[in-house]
Amino acid sequence: MVIGATGNVGTSVVEALTGDPATGSLTGLARRIPRWRPPKTTWHAVDIEPGGPDLVPYFEGAAAVVHLAWKFQPTHSPAETWRTNVGSIRVFEAAAAAGVPALVYASSVGAYSPGPEDDRLMVDESWPTHGWPQASYTREKAYVERVLDSYEQAHPAIRVVRMRPAFLFKRASASEQRRIFAGRLLPGRLVRPAVVPVVPDLAGLRFQALHTDDAAAAYREAVRRPARGSFNLAAGPVLDAAALAVLLEARPLRVPIAPVRAALAAAWRMHLVPASPDLFDAVLRLTLLDCARARSELAWEPRRTALEAVGEFLDGLREDAGLATAPLAA
């Protein structure tokens, strides 16, 4: 059972699981049934938010529930994103009521508290998950982590896995991610080498990325193996302005944070961009992830570097790439 099966991560997880001979059948839940038809898959149009249909009948007989549904927008209405993101509680409760033996939940690097003072240090899964309190997305992800702390104590027979990936990219996600994070004003065809002259170099801008298909391989192993607990997922190298400048054949330009944040805040207030200044603050405080546990317990290793993942995404951005699902439509 895959919830949120038509988005960036969902489509890759469905492909990873249906391509596994151990998967007899897969049920995909999404708000809208897609034209995309992977093998072994049955679709149901279901909304997980409070007031939606009873989820228990859908879950009965499932070997595992993989919960990937989340909402980033509208950032101007955090109550709406709360309904979906914290609405995950309905999924957890239904899985317990249906007797599902395994629950795999898509958390995020955004659930972590700001990293160590030395921003070169990587943290393992024991780092606190209190998020960045000003941004609704990170606050909601942290809240669900606390919900799962109690859930695991109340339902010790359920094998609970929390995936905490870095930024996930693939070619087919380009159109969706442009709409979600940058808005329609970003001219995707202009984001190509030799056209973008400079890449802003902001203090604290260091992050990790991963190809979505590589993340999906970790989800597949979390379903197949007797794993429990939390797993960081990221590929190397750590990305910064210099690395992005190489991809775009540009040069990094040191820019103070204050005017960039002020410009973003003004654009956000005018509804020109969907990403809020609070999320910008959270990104500058992201911790770096040590993924040794995933490598050890899931026998997982990313096949692509972070640069390859971002490069493929940029190619998709220029081509307005997508997939035949509502979230990924070009």
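**Figure 1. The whole chain, with its twelve helices and 14 strands.** Welcome to a tour of a predicted model, starting with the overall picture. The C-alpha trace extends about 55 × 40 × 40 Å along its principal axes. For 330 residues, a compact globule would be expected to have a radius of gyration near 20 Å, and the chain's value of 19 Å agrees with that. Buried residues account for 53% of the 330. Of the contacts between residues at least 6 apart in sequence, 77% link residues that are at least 24 apart.

**Figure 2. The surface of the chain and its charges.** If you turn to the outside, you have about 14,400 Å² of accessible surface to look over. Carbon and sulfur atoms contribute 56% of that area. The chain carries 37 positive and 34 negative charges, and the mean positions of these two groups lie 4 Å apart.

**Figure 3. An open sheet of seven strands with parallel pairing.** Reading across the sheet, you will meet the strands in the order β3-β2-β1-β4-β5-β7-β11. The edges are formed by β3 (41–45) and β11 (229–233), each of which pairs on one side only. At the β11 edge, the partner is β7 (residues 159–165), and five bridges join these two strands in the parallel sense. To find your way along this pair, look for R164, which stands opposite N232 of β11.

**Figure 4. Strand β10 and its surroundings.** How many of the five residues of β10 (residues 207–211) are buried? Five of the five are, so the strand is largely enclosed by the rest of the structure. In a regular strand, side chains alternate between the two faces of the sheet. Here F207, A209 and H211 point one way, while Q208 and L210 point the other way, and all of them are buried.

**Figure 5. The pairing partners of β10.** This view stays with the enclosed strand and brings in two others. Strand β8 (residues 167–169) pairs with β10 in the parallel sense through three bridges. Within that pair, L168 stands opposite L210. Strand β12 (residues 235–239) runs antiparallel to β10, and two bridges join them. There, the bridge partner of F207 is L239 in β12.

**Figure 6. T84 in helix α3.** Zoom in on α3 (residues 78–85) and you will find T84 within the helix. Is T84 buried or exposed? With a relative accessibility of 7%, T84 counts as buried, because buried means under 20% relative accessible area. Which residues touch it from beyond four places in sequence? Setting those sequence neighbours aside, T84 is in contact with I48, E49, W70 and K71.

**Figure 7. A62, in a loop beside the start of the chain's numbering.** A62 sits in the loop that connects α2 (56–59) with β4 (65–67). Although in a loop, A62 is buried, its relative accessible area being 16%. Have a look at M1 as well: A62 and M1 are 61 residues apart along the chain, yet their C-alpha atoms are separated by 6.3 Å. Beyond its neighbours within four places in sequence, A62 is in contact with M1, V100 and P101.

Terms used
Residues are numbered from 1 along each chain as its sequence is written. This is a predicted model: local features need pLDDT of at least 70, side-chain atom pairs count only at pLDDT 80 or more; totals for chains, interfaces and linings use all residues. Side-chain values use heavy atoms; hydrogens and water are left out. Helices (H or I, at least four residues) and strands (E, at least two) are DSSP runs, numbered from the N terminus. The radius of gyration is taken over C-alpha atoms; the globule rule is 2.2 Å times the number of residues to the power 0.38. Buried means under 20% relative accessible area, exposed over 50%, partly exposed in between (1.4 Å probe, protein chains only). Contact means heavy atoms within 4.5 Å. Accessible areas come from the Shrake-Rupley method with a 1.4 Å probe; for residues, only the protein chains shown count as cover. Lys and Arg count as positive and Asp and Glu as negative; His and the chain ends are not counted. The place of a charge is taken as NZ of Lys, CZ of Arg, CG of Asp or CD of Glu. Two strands pair if DSSP finds at least two bridges between them.
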